[in-house]
Amino acid sequence: MSLTIRPVTKQDYDQWLPLWDGYNAFYGRSGPTALPVEITRVTWQRFFDAYEPVHALVAESDGRLLGLTHYLFHRSSTAIEPSCYLQDLFTLEPARGKGVASALIHGVYDRAKLAGSPRVYWQTHETNVRAQSLYDKVAERSGFIVYRKIF
C-alpha cells in the first residue's frame, strides 16, 4: 500500500467527515450524545485559519483517506518552545495494524520538529488497549494521570 501523510485540504471534507464521525463514535459521541454540528463546523474551519494553533493531517492511499490526526501547539510554563498536543487520531478499521496510525503519529512528530517543539504528547482512554500497543512502541508513558472537571 502506498501511503501519503499530508495536511488536510478543503477538498477533503467529504472524506474527512466520516473519519471524524468514526473517531467521535469510538469515544461514545454519536446519536443522542453526538457533538453539536457547530463544533464540527468550527473544528473544520480552524484547520484553515492561519491564526489558529490547530492542524490536521490525513493518511491517503490511492485517493482515499484512511485516517486522520489533529494536533495543536501551545505554550507551557516549563519550556520556552511550544508543546505539541496530538489531540485526535483515528484510522478506518481495515487500515488498522498496517502502519497508518504510526505514520500519522510520525507525521505529527515531523511537524512538531519543524515548529521547534521538543515534545509531542497525547492521551488515550485506559480501555483503548489496541492503540496502547502502538503507543508503547512510538513513545513513552509519562506516568501522569489526567483529571478533569466538565461544566
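In this predicted model, five strands make up an open sheet with mixed pairing, arranged in the order 1-2-3-4-5. Its edges are formed by strand 1 (4–7) and strand 5 (120–121), each of which pairs on one side only.

Within this sheet, strand 2 (residues 54–61) pairs with strand 3 (residues 64–76) in the antiparallel sense, and eight bridges connect the two. Two residues separate these strands in a hairpin, and Asp62, located in the turn, has a positive phi of about 50 degrees. Strand 3 also runs antiparallel to strand 4, to which nine bridges join it. Strand 3 and strand 4 likewise form a hairpin, again with two residues between them.

Individual residue pairs show how strand 3 is aligned with its partners. His55 faces Tyr71 of strand 3, and Ala56 is opposite His70 of that strand. Towards strand 4, Leu68 has Phe90 as its bridge partner. The two strand pairings are set out below.

| Strand pair | Sense | Bridges | Connection |
|---|---|---|---|
| Strand 2 and strand 3 | antiparallel | eight bridges | hairpin, two residues between |
| Strand 3 and strand 4 | antiparallel | nine bridges | hairpin, two residues between |

A helix is placed against the sheet. Helix 3 (residues 100–114) lies across strand 1, strand 2, strand 3, strand 4 (79–91) and strand 5. The direction of helix 3 is at about 160 degrees to that of strand 4.

Notes:
Residues numbered from 1 in each chain as written. Predicted model: local features only at pLDDT ≥ 70, side-chain atom pairs only at ≥ 80, totals over all residues. Heavy atoms only, no water. Pairing = 2+ DSSP bridges. Helix = DSSP H or I, 4+ residues; strand = E, 2+ residues; numbered from the N terminus. Contact = heavy atoms within 4.5 Å. Axes fitted to C-alpha atoms, helices over the stretch in contact; angles between N-to-C directions.
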